[in-house]
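Visitor: I am new to this structure, and I would like to know how each description of it is justified. Could you take me through it step by step?

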There are 2 protein chains.
Amino acid sequence: MINISIITIGDELLIGQVIDTNSAWMAQELNKAGFAVIRRVAIGDNKHDILHALDEERKESSVILITGGLGPTNDDITKVVLCEYFRGKMIINAAALKNVKYLFEEVFKRPMQDINLKQAEVPDCCTVLQNKCGTAPGMLFQQSDKIFISMPGVPHEMKGMMEDGVIPFLKKQFEVDCILHQTLLTAGIGESFLAEKIKDFEESLPATVRLAYLPTNGMVRLRLTATGKDKLQTSSLLEKLFLQLQQLVSEYMVTNKDETLETEIAHLLIQQKATLALAESCTGGYISHLITSIPGSSAYFNGGVVSYSNTVKEEVLSVNTEVLEQYGAVSEAVAREMMTGVLSKLKATYAVAVTGIMGPGGGSAEKPVGTVWIAVGNASDIRTRELNLRFDRQRNIQLTAMHALNMLRKFMLGK
Amino acid sequence: MINISIITIGDELLIGQVIDTNSAWMAQELNKAGFAVIRRVAIGDNKHDILHALDEERKESSVILITGGLGPTNDDITKVVLCEYFRGKMIINAAALKNVKYLFEEVFKRPMQDINLKQAEVPDCCTVLQNKCGTAPGMLFQQSDKIFISMPGVPHEMKGMMEDGVIPFLKKQFEVDCILHQTLLTAGIGESFLAEKIKDFEESLPATVRLAYLPTNGMVRLRLTATGKDKLQTSSLLEKLFLQLQQLVSEYMVTNKDETLETEIAHLLIQQKATLALAESCTGGYISHLITSIPGSSAYFNGGVVSYSNTVKEEVLSVNTEVLEQYGAVSEAVAREMMTGVLSKLKATYAVAVTGIMGPGGGSAEKPVGTVWIAVGNASDIRTRELNLRFDRQRNIQLTAMHALNMLRKFMLGK
């Protein structure tokens with residue numbers, strides 16, 4: 001297998017001001033493509049440390065991917081240090097210059113500063129990788145049998161460059177075994193219980209097949225990865241094992257594709273030619289955000305009401321004031337009324353309502369932080385459920401959204 | 001200054017299964033305490049890679065902090081590899097054994113397995129650091145002038161050990177310089193324009209003070225970092241320069257604290273004893289999510305309407321049907337009606353409305369993807385603005401939210 005090192009450059013990583021999500025994403029994509037990341041190194045915007053890291057990583061890896069330090073400002077020095085390291089000289093790259101000009105004229109619609117011209121400069125000894133989302137070009141250096149690729153640290157710029165440039169290039173460059181993946185998504189079961197359930201299956205796997213547990217927002221993705229020289233053999237083996245795995249976890253399986261819970265719900269709504277409406281209190285719009293993150297969601301998502309205050313619950317969702325006073329905002333009765341209220345108001349086939357206390361404040365002895373009521377239903381039927389979560393605010397919001405959407409999925413399937 | 005390397009050990013880090021939040025937290029705490037993290041290295045549970053990392057990091061740093069790979073299962077090998085590296089032999093540590101037994105009897109209330117006894121074994125050449133939250137003891141090795149400290153990877157176990165053991169030890173061990181930071185947030189100006197504006201200031205900075213540009217969701221944070229022997233002198237120098245910087249960027253400054261735009265808006269709403277309502281079309285609940293991510297937001301956030309379909313715009317926000325037909329959903333007129341509609345319906349002091357086309361589909365020649373109309377206002381005044389974005393769906397949503405919240409901030413300040 002081809003060994004890869006990732007070097008992340010930026011002082012902000014070393015004082016902990018930002019959490020490095022880039023290299024996790026990169027590692028995942030590279031792994032899917034059949035490459036092994038063996039080291040991830042984070043260093044500051046410092047010449048000695050950059051040169052040292054380049055020397056060290058080339059000893060261990062055939063490919064060194066570098067992100068960060070390509071901004072136009074003085075604290076970003078990656079480009080000039082790379083230029084020195086590979087004994088090049090800076091030249092203006094025509095394509096990069098064209099891209100910078102295009103971005104300022106057509107996208108940012110702002111006059112270009114001299115400093116931006118610097119973004120079009122690259123060492124004459126590199127191959128330029130286009131950056132469709134930003135002004136900093138990617139740079140590819142080949143020296144003896146080692147490959148170095150420098151990318152911007154801005155996540156969406158790096159991702160675009162990885163998908164369009166880097167991964168296709170690496171696949172072409174190296175004879176990687178055929179690597180096939182099959183992924184399914186489970187919800188409503190913890191990682192350790194899942195592991196218990198599929199223990200024997202996991203132990204019986206051949207050496208060429210790996211199982212990975214990928215926890216994601218309170219759900220667990222299971223990925224089977226098969227490696228082999230022959231594509232047909234590899235894929236038929238993978239399919240056979242993937243079917244076994246699906247049967248073992250069928251009770252908890254959301255989808256047997258590498259998709260999200262909200263995408264699965266999108267599929268179901270489209271299949272049923274149905275529409276959805278949401279009434280969110282404690283999740284504060286997060287569920288709407290998940291649903292509308294999917295392109296084309298306007299086809300089946302009517303909309304939502306973020307009923308943070310009781311006034312909104314009463315005025316917009318016509319929640320009965322007595323019910324609010326008698327049971328309190330966080331109660332099964334109010335969840336029910338929110339659901340029926342938004343269903344009729346927004347004229348949807350299905351509706352979901354959530355109300356709860358996400359913390360850190362707002363809890364009481366009888367309704368502690370983490371108490372949540374969820375209601376899902378349509379014109380003829382309704383289901384409710386109470387959650388008792390014990391995490392921080394962000395995590396409580398995520399988990400509430402996950403449980404609400406999974407309840408909706410099961411309701412739609414009559415499960 | 002004392003240089004520190006952090007080595008994080010675990011296969012899950014190299015396939016991108018988990019995002020490493022530990023080392024960001026450690027870097028923050030060490031930085032506050034006056035230590036400089038110069039390298040962060042992530043490697044797998046692999047003997048060669050661990051030994052190699054120990055050899056490499058001791059060349060660059062005086063202190064090497066190691067997390068992960070201390071579990072009782074076979075894939076965790078950090079302890080035995082450290083034992084070999086420092087030429088020790090494994091012995092049962094009485095205090096560690098006592099702790100393991102205590103945790104199983106008093107905390108987990110589960111019978112202890114033989115495998116758990118292994119947790120009390122440590123190399124005889126290390127000093128044991130107590131782990132109050134888990135069974136794996138910390139290990140401190142001193143060799144010539146280098147210090148190595150191994151900690152568990154479980155975040156709350158690592159944090160407890162850092163706070164109670166590691167940081168106090170390091171402070172006692174070394175005479176450290178003080179490091180101080182000041183951060184401000186700007187919006188509505190690109191990194192390069194900002195750099196142009198503060199070019200002279202940046203060039204005039206003394207060697208002990210550094211300026212960093214930190215782009216974040218279409219905004220830019222500026223961080224000044226001052227280092228010095230004397231805390232009073234260092235902080236007064238930093239304060240003086242930070243004031244100069246604030247004056248230079250005042251026009252674009254959102255806050256002179258290390259806070260987000262939504263937190264600043266929270267402060268303003270609380271100061272003004274005002275409330276907020278949102279009408280989101282194209283951002284689909286994302287702005288509500290940002291606002292409600294802040295604990296206590298129910299004090300000033302009445303709620304929002306995600307008016308994805310025209311029915312909702314008409315029924316809930318009372319947008320005039322003729323206006324919708326004449327100008328189309330993505331228009332200044334409809335943004336205005338959404339704003340006034342949600343303001344009165346949700347009885348708020350301020351309201352923000354956004355309508356647009358986030359893509360990839362839904363664009364037209366006259367209204368291409370990225371066309372957005374924003375309206376912010378209160379009972380007596382209203383401001384509108386058109387955006388023309390050219391990014392992917394997620395990014396367009398993020399930037400629309402940022403611009404809308406920044407318009408609200410300026411409106412609230414009468415700027």
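Guide: Let us begin where strands of the two chains meet: strand β14 (residues 301–306) of chain A and strand β14 (residues 301–306) of chain B run antiparallel and are joined by three bridges. The model is a predicted one, in which local features need pLDDT of at least 70 and side-chain atom pairs count only at pLDDT 80 or more, while totals for chains, interfaces and linings use all residues. Residues are numbered from 1 along each chain as its sequence is written, chains are lettered from A in the order in which they are written, and side-chain values use heavy atoms, with hydrogens and water left out.

Visitor: What makes the two β14 strands, joined by three bridges, a pair?

Guide: Strands are DSSP runs of E with at least two residues, helices are runs of H or I with at least four, and both are numbered from the N terminus. Two strands pair if DSSP finds at least two bridges between them, and the three bridges here satisfy that rule, so the β14 strands of chain A and chain B count as paired. Within this pairing, Val305(A) stands opposite Val305(B).

Visitor: How do you know how much area is buried between chain A and chain B?

Guide: Buried area is the accessible area, taken with a 1.4 Å probe, that two parts lose on being put together, summed over both. For chain A and chain B the value is about 6,700 Å², and carbon and sulfur atoms give 55% of it. The contact, meaning heavy atoms within 4.5 Å, takes 85 residues from chain A and 82 residues from chain B.

Visitor: Why is the meeting of Asp11(A) and Arg210(B) called a salt bridge?

Guide: The term requires a side-chain nitrogen of Lys or Arg within 4 Å of a carboxyl oxygen of Asp or Glu. Asp11(A) and Arg210(B) have an N to O distance of 2.4 Å, so the pair fits the definition. Between chain A and chain B the count is three salt bridges, and over all chains the structure holds 23.

Visitor: What makes the salt bridge of Arg221(A) and Asp258(A) a tie between separate parts?

Guide: The closest N and O atoms of Arg221(A) and Asp258(A) are 3.5 Å apart. Arg221(A) lies in strand β11 (residues 219–228) of chain A and Asp258(A) in the loop between β12 and α11 (261–271), so the pair ties together parts that are 37 residues apart in sequence.

Visitor: How do you know where the domains of chain A begin and end?

Guide: The bounds come from an automatic or database domain assignment, which divides chain A into domain 1 (3–173), domain 2 (178–255) and domain 3 (261–413). The C-alpha centres of domain 2 and domain 3 of chain A lie 31 Å apart, and their contact takes eight residues from each of these two domains. The area buried between domain 2 and domain 3 of chain A is about 710 Å², and the rule finds zero salt bridges across that interface.

Visitor: What is remarked upon in the backbone at Pro360(A) and at Lys273(B)?

Guide: Most residues other than glycine have a negative phi, and most peptide bonds are trans. A cis peptide bond joins Gly359(A) and Pro360(A), with omega about 0°, and Pro360(A) is found in the loop between β15 (350–356) and β16 (371–377) of chain A. In chain B, a cis peptide bond joins Gly359(B) and Pro360(B), with omega about -5°. Lys273(B), found in the loop between α11 (261–271) and β13 (276–280) of chain B, has a positive phi near 45° although it is a residue other than glycine.
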